[in-house]
Amino acid sequence: MKHILWLCFLSMFSAAFAQTADDWAVWKMDYDASQIQKGKTVTVTFSAKLKAGYHVYSATQPAKAVLPLTLVADKKNKGCVFEPFTEKGNRKVEFDEIFKADIAYYDTDFQVIQKIKITKKKVPIKGHLSFQVCNDEMCLPGEYRFEIK
């Protein structure tokens with residue numbers, strides 16, 4: 001009986017720590033594939049759906065206290081130019097006692113808008129969003145990889 005209880009405890013313990021940032025922030029990508037041709041600019045929208053009680057730090061921070069959202073283009077991308085991305089959503093800025101600084105974040109669903117100029121024919125475009133998703137007790141680093149063909 002003790003062995004069964006011990007196994008149950010271990011199962012619950014490992015399940016509690018097996019969560020990833022993907023459990024708290026789910027990303028979806030949307031773009032018009034007809035715009036992926038030489039001479040055009042394609043607008044890619046990354047939509048984040050956040051679980052209640054969680055937040056993601058904004059790319060633009062008043063202070064250098066937290067890990068901000070970043071969008072990184074793959075160095076192998078040839079034939080395209082990434083413009084600076086923008087964020088769309090209910091961005092909040094509050095003073096954080098732990099960091100002793102103003103911190104910008106999203107605690108509801110939001111979007112990252114990336115414009116990419118296509119300069120060559122048939123260009124695969126790869127990259128990733130890096131972010132940190134947090135609740136009141138902990139933070140987890142996250143990454144959303146994307147590829148546009």
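**Pocket lining, burial and a disulfide**

Author: In this predicted model, strand β7 is the element that contributes most to the lining of the largest pocket, namely three residues.

Reader: Which elements give two or more residues to the lining of the largest pocket?

Author: The largest pocket has a volume of about 390 Å³. Its lining takes two or more residues from each of β3 (55-57), β7 (91-96) and β8 (101-106).

Reader: What makes a residue part of the lining, and which ones are closest to the centre of the largest pocket?

Author: A lining residue has an atom within 4 Å of a grid point of the pocket. There are 18 such residues around the largest pocket, and the closest to its centre are His55, Tyr57, Asp96, Asn135 and Asp136.

Reader: How do the residues of that lining divide into nonpolar, polar and charged?

Author: Ten are nonpolar, three polar and five charged. Of the residues closest to the centre, Tyr57 is on the nonpolar list and Asp96 and Asp136 count as charged, because Tyr and Asp are classed that way.

Reader: How do you know that Cys134 and Cys139 form a disulfide?

Author: The cut-off is 2.5 Å between the cysteine sulfur atoms. For Cys134 and Cys139 the S to S distance is 2.0 Å, so the pair is within the limit and is called a disulfide. The search of the whole structure finds one disulfide. The link of Cys134 and Cys139 is right-handed, with 110° about the S-S bond.

Reader: Why is Cys134 called buried?

Author: Buried means under 20% relative accessible area. Cys134 has 1%, and therefore it is buried.

Reader: Why is Cys139 called partly exposed?

Author: The relative accessible area of Cys139 is 35%. That lies between the 20% limit for buried and the 50% limit for exposed, so Cys139 is partly exposed.

Reader: What makes Cys80 count as buried?

Author: Cys80 has 13% relative accessibility, which is under 20%, so Cys80 is buried.

Reader: What share of the residues in the protein is buried?

Author: Of the 149 residues, 33% are buried. The accessible surface comes to about 9800 Å², and carbon and sulfur atoms hold 57% of it.

Reader: How many helices and strands are in the protein, and in what order do the elements run?

Author: The protein has one helix and eleven strands. From the N terminus on, the helix is followed by the strands. Among contacts with a separation of 6 or more, 67% are between residues 24 or more positions apart.

Technical notes
Residues are numbered from 1 along each chain as its sequence is written. This is a predicted model: local features need pLDDT of at least 70, side-chain atom pairs count only at pLDDT 80 or more; totals for chains, interfaces and linings use all residues. Side-chain values use heavy atoms; hydrogens and water are left out. On a 1 Å grid over the protein atoms alone, a cavity is a set of points where a 1.4 Å probe fits but cannot get out, and a pocket is an open set with protein on both sides within 12 Å along at least five of seven lines; lining residues have an atom within 4 Å of a point. Grid points are joined across faces, edges and corners, and a volume is the space filled by probe spheres set on the points. Helices (H or I, at least four residues) and strands (E, at least two) are DSSP runs, numbered from the N terminus. Buried means under 20% relative accessible area, exposed over 50%, partly exposed in between (1.4 Å probe, protein chains only). Contact means heavy atoms within 4.5 Å. Accessible areas come from the Shrake-Rupley method with a 1.4 Å probe; for residues, only the protein chains shown count as cover.
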